[in-house]
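Trainee: I have a model open and would like to learn how to read its features. Where do we begin?

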Amino acid sequence: MPEIILSINAGSSSVKISVYKAPSAGTNHDPTQLAEAVISGLTAPPASLKYTRGDEKVDDKSLDGIKSQEEAFRYILDFLVKDKGLPEMGKIEDIHFTSHRVVHGGGYERSQVIDKETYDRIEELSDLAPLHNAPALTIVKAVSSLLPHATNIAYFDSSFHSTIPAHIHAYPIDPVVAKKNKLRKYGFHGISYAFITHAVSKYLQKPASELNIIALHLGSGASACCIKNGHSFDTSMGLTPLAGLPGATRSGSIDPSLMFHFTHSAGKPSRSSSEHMHITQAEEILNKNSGWKALTGTTDFGVISNKAGTDEDKDGTYSLAFDLFVDRILNYVGPYFVKLDGKVDALVFAGGIGEKGVKLRAMVVEGVRCLGFEVDEGRNEKLGGDVVVDISKEGARFKTLVCRTDEQLEMARGVVEERGRFERK
Ligand SMILES: Nc1ncnc2c1ncn2[C@@H]1O[C@H](COP(=O)(O)OP(=O)(O)O)[C@@H](O)[C@H]1O
Ligand SMILES: CC(=O)OP(=O)(O)O
Ligand SMILES: [Mg+2]
């Protein structure tokens, strides 16, 4: 009987689900991916579905009416179960494990089976990841009712960053208050950074424990990570995923006083607060109504890239957003290069924008040319299908890589590696 793992990645604008067959116990192969379904564009309706089974692209269609992560999950599960070409999903009792990407894990340094206590803890942290934790929990709840045999395991984006030293994760505020309220830099996109670390270490044939990279996960939410000897040493997101780089609907870092000048009602509760989450209007504006959406009206950075600098960009709206993003990214690459003492194995692009944004990669690397990074135009434009691709120019002092990150696979590997810890007693 095959043991099936459903690996669920609820992002702020997408839900990505991969179906894996676990290798036989005692072998250390990767889980085998049987299918992947991605619903994207939740913040730019209509959403769309991309479905691949094995190496075959089976479906690619627009979906009206799917607006939330929970709706996307329910749609995908139904779709997978009904797919005649995927008999492994025909018997839902064979789904032993569901791994869930949970963005904010507070003090959890590793994955956890989601029991009542873990669920409550993740819920408590919802205010600190307003676009992520509550939607992820709606999926956990749906799994509990639709797949009651499955063991739910939470993988936290923040766990990878538990190695950040105190002088980097601490905020310069009253330490008593900071300790009591657990106010510190947590950092996110850690499942992706763990995948990137392993993939680049394999590609460069260098042990992860000796690997120094500057990694950029650029998606609907975007962040940078300084990875020293295979561990997170610094990252751009903070107490919440709002800090650092701007994103589809997020402002990224701003002067904290800006909000007092933006609106006087900024401190009042937001109308969209729910039983799972209580945020102020300020948090609502900075998390949901800023970033690319506020600057350009679209949350799709692909559109911004295509229009910037063309006749369609008469008032320079798209160019401003594009150039602003390049500028903010450079604000991290330089300092991380310094923090790594110039001993950098690679600058790595990942995430939807990092993997598809040809122009963005070219402009960012152009911005750090003085440090010794240079991109080969041809390689940058045609990546090919490998997990890690070298786009550096011949003779460049430092490497520039693109990594097709795979958070679902990273979680499924974790399930297989630690299966014993998760088996129901
Ligand atoms: N050709 C492209 N160039 C630049 N960005 C793109 C392109 N195609 C898609 N994107 C962007 O990728 C982002 C989604 O990235 P992804 O990592 O999948 O998101 P999520 O954060 O939801 O996981 C969207 O902002 C989308 O606009
Ligand atoms: C942490 C975060 O911002 O995630 P995403 O990019 O998937 O929204
Ligand atoms: Mg993502």
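Mentor: Begin with the labels: helices (H or I, at least four residues) and strands (E, at least two) are DSSP runs, numbered from the N terminus. Keep in mind that this is a predicted model.

Trainee: Which element gives the most to the shell around ligand 1?

Mentor: Helix α12 does, with four residues. The elements giving two or more residues to that shell are α10 (301-307) and α12 (351-356). In total, 18 residues surround ligand 1, and the closest are Gly-11, Gly-219, Ser-220, Gly-302 and Gly-352.

Trainee: How many residues of each class, nonpolar, polar and charged, does the shell around ligand 1 have?

Mentor: There are three nonpolar, 13 polar and two charged residues; Gly counts as polar here.

Trainee: Where does ligand 1 lie with respect to domain 1 and domain 2?

Mentor: Ligand 1 lies between them, because domain 1 (4-156) and domain 2 (205-403) both give residues to its shell.

Trainee: Now the sheet. What is the order of its strands?

Mentor: The general idea is that strands of a sheet pair through backbone hydrogen bonds, either parallel or antiparallel. Here an open sheet of eight strands runs in the order β5-β4-β3-β2-β1-β6-β8-β7, with mixed pairing. Its edge strands, β5 and β7 (112-113), each pair on one side only.

Trainee: How many bridges join β3 to β4?

Mentor: Six bridges join β3 (residues 32-40) to β4 (residues 47-53), and the two strands are antiparallel. In this pair, Val-38 is opposite Lys-50, and Ile-39 is opposite Leu-49. Six residues separate the strands of the hairpin, where Gly-41 has a positive phi near 80°.

Trainee: And which residue has a positive phi in the turn between β4 and β5?

Mentor: Gly-54, at about 60°, in a hairpin with two residues between the strands. Seven bridges link β4 to β5 (residues 56-63), again an antiparallel pair. Leu-49 stands opposite Lys-61 there.

Trainee: Which strands does helix α1 lie across?

Mentor: Helix α1 (residues 69-82) lies across β1 (4-10), β2 (15-21), β3, β4 and β5, at about 140° to β3. Helix α3 (residues 133-146) also packs on the sheet, where it touches β1, β6 (95-102) and β8 (151-156), and its direction makes about 170° with that of β6.

Trainee: At what angle do α6 and α15 cross?

Mentor: The axes of α6 (residues 190-204) and α15 (residues 407-417) cross at roughly 80° and come within 8 Å. Angles of 65 to 115 degrees count as roughly perpendicular, so α6 is roughly perpendicular to α15. The residues of this contact comprise five nonpolar, one polar and two charged.

Definitions and conventions
Residues are numbered from 1 along each chain as its sequence is written. Chains are lettered from A and ligands numbered from 1 in the order in which they are written. This is a predicted model: local features need pLDDT of at least 70, side-chain atom pairs count only at pLDDT 80 or more; totals for chains, interfaces and linings use all residues. Axes are lines fitted to C-alpha atoms, for helices over the stretch in contact, and angles run from 0 to 180 degrees between N-to-C directions. Angles under 35 degrees count as roughly parallel, over 145 as roughly antiparallel, 65 to 115 as roughly perpendicular and the rest as oblique. A residue is near a molecule or strand if its C-beta atom, placed from the backbone, lies within 6 Å of it. Domain bounds come from an automatic or database domain assignment. Two strands pair if DSSP finds at least two bridges between them. Two residues are in contact if their C-beta atoms, placed from the backbone, lie within 7 Å.
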